[in-house]
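Reader: Could you take me through one part of this model in detail, namely the packing of one pair of helices and the covalent link that involves one of them? I would like a careful, connected account.

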Amino acid sequence: MDLAFFTPGELFSPVVKLLKIATLTCALLAPFAGTASAEAAAYPVEDLKLTENPLYAAGPLPATTCVERPVKRNDRKLARAYVDAVIACLETAWEQHLTKAGLAYEKVKVRHMNRIPRKYCSLDIGKDDSQAWYCDRNGELIFQFGKNWLADPYDLWLFRTAAMMYGYHVQKLVGIGDAVDELRYRNKKEGYEQERRRNLQTDCLGAAFMKSVWPIKGRTMKDWDKMLGLVQGDRPGDEPWYGKTGTMKIWMRAGFATGDPGSCNTWAAPSSKVA
């Protein structure tokens with residue numbers, strides 16, 4: 001995987017945040033096309049690094065605390081500090097979890113930019129006002145805070161964004177990222193489905209982390225419900241990269257219900273569960 005990214009959707013207001021999620025891989029930068037080796041590939045997914053990854057057997061994430069930093073409207077400096085604090089909480093929880101399970105762990109790098117260069121990590125960066133990317137090549141999370149994300153930063157959206165983006169780093173650490181890159185697909189439909197499995201898994205992993213630090217001081221389930229209500233997946237006419245809104249919420253609820261990455265095995269789920 002070269003890059004995973006978030007950008008705001010076509011509609012944004014202080015009440016409704018539409019955040020598009022995508023994972024761009026080298027394979028998917030070119031048109032989908034069947035090959036002899038692709039046609040021979042087993043499907044559904046049978047790679048044990050994906051369907052039976054040791055991450056799923058490691059149990060729930062450890063219960064830790066995470067204190068939110070103060071934020072203000074249109075204050076980029078405070079928003080950056082807020083996300084940095086959430087990333088620090090993520091590092092604490094995931095380091096404990098992965099090392100206890102005997103799995104590899106490495107801290108993520110974090111970079112804030114006013115404008116991400118167009119060719120960052122060798123891929124085209126869009127012109128969206130606010131974006132978050134994960135660069136697999138150097139294990140780096142990159143955030144660009146624009147007016148869209150700074151207009152109303154008081155809900156859990158920034159928290160959820162950081163937690164979900166960190167999920168791509170977890171996938172890299174446990175071998176899921178590399179395994180996805182090696183997957184073959186027989187047609188365009190299967191290629192899209194594999195990308196949805198990857199993206200939906202990070203939704204679930206982010207929610208599992210949120211459960212591990214819940215209750216967050218000053219927050220109630222109303223805040224969780226509000227944040228969940230802001231989620232939007234693929235709409236009619238969109239390319240089906242991310243999953244329908246209902247599908248995304250199902251996987252987020254699964255992660256939040258247990259706090260266990262074992263609830264996030266999108267690779268073993270039937271196609272109907274990752275639509």
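Author: In this predicted model, helix 6 and helix 8 cross with a right-handed sense. Helix 6 spans residues 157-173 and helix 8 spans residues 188-212, and the two pack at an angle of about 120° with their axes 7 Å apart, which makes helix 6 oblique to helix 8. On the side of helix 6, the contact is made by Phe159, Arg160, Ala163, Met164, Gly167, Tyr168, Val170 and Gln171, while helix 8 contributes Arg198, Asn199, Gln201, Thr202, Asp203, Leu205, Gly206, Phe209 and Met210. Sorted by character, the residues of this contact comprise 8 nonpolar, 6 polar and 3 charged.

Helix 8 also takes part in a disulfide, formed by cysteine 204 and cysteine 264, whose sulfur atoms are 2.1 Å apart. The torsion about the S-S bond of this pair is about -75°, so the disulfide is left-handed. Because cysteine 204 lies in helix 8 and cysteine 264 in the segment after helix 10 (245-258), the pair ties together parts that are 60 residues apart in sequence. Both of these cysteines, cysteine 204 and cysteine 264, are buried.

To place this link in its context, the model has 3 disulfides, and, when the bonded cysteines are numbered in sequence order, their pairing reads 1-2, 3-4, 5-6. Among them is the link of cysteine 121 and cysteine 135, which is right-handed with 60° about the S-S bond, and the disulfide of cysteine 66 and cysteine 89 is likewise right-handed, because its torsion about the S-S bond is about 95°.

Technical notes. Residues are numbered from 1 along each chain as its sequence is written. This is a predicted model: local features need pLDDT of at least 70, side-chain atom pairs count only at pLDDT 80 or more; totals for chains, interfaces and linings use all residues. Side-chain values use heavy atoms; hydrogens and water are left out. Axes are lines fitted to C-alpha atoms, for helices over the stretch in contact, and angles run from 0 to 180 degrees between N-to-C directions. Helices (H or I, at least four residues) and strands (E, at least two) are DSSP runs, numbered from the N terminus. Angles under 35 degrees count as roughly parallel, over 145 as roughly antiparallel, 65 to 115 as roughly perpendicular and the rest as oblique. A crossing is left-handed if the near helix is turned anticlockwise from the far one by less than a right angle, and right-handed if clockwise. Contact means heavy atoms within 4.5 Å. Ala, Val, Leu, Ile, Met, Phe, Trp, Tyr, Cys and Pro count as nonpolar, Asp, Glu, Lys and Arg as charged, and the others, Gly among them, as polar. A disulfide is a pair of cysteine sulfur atoms within 2.5 Å. Buried means under 20% relative accessible area, exposed over 50%, partly exposed in between (1.4 Å probe, protein chains only).
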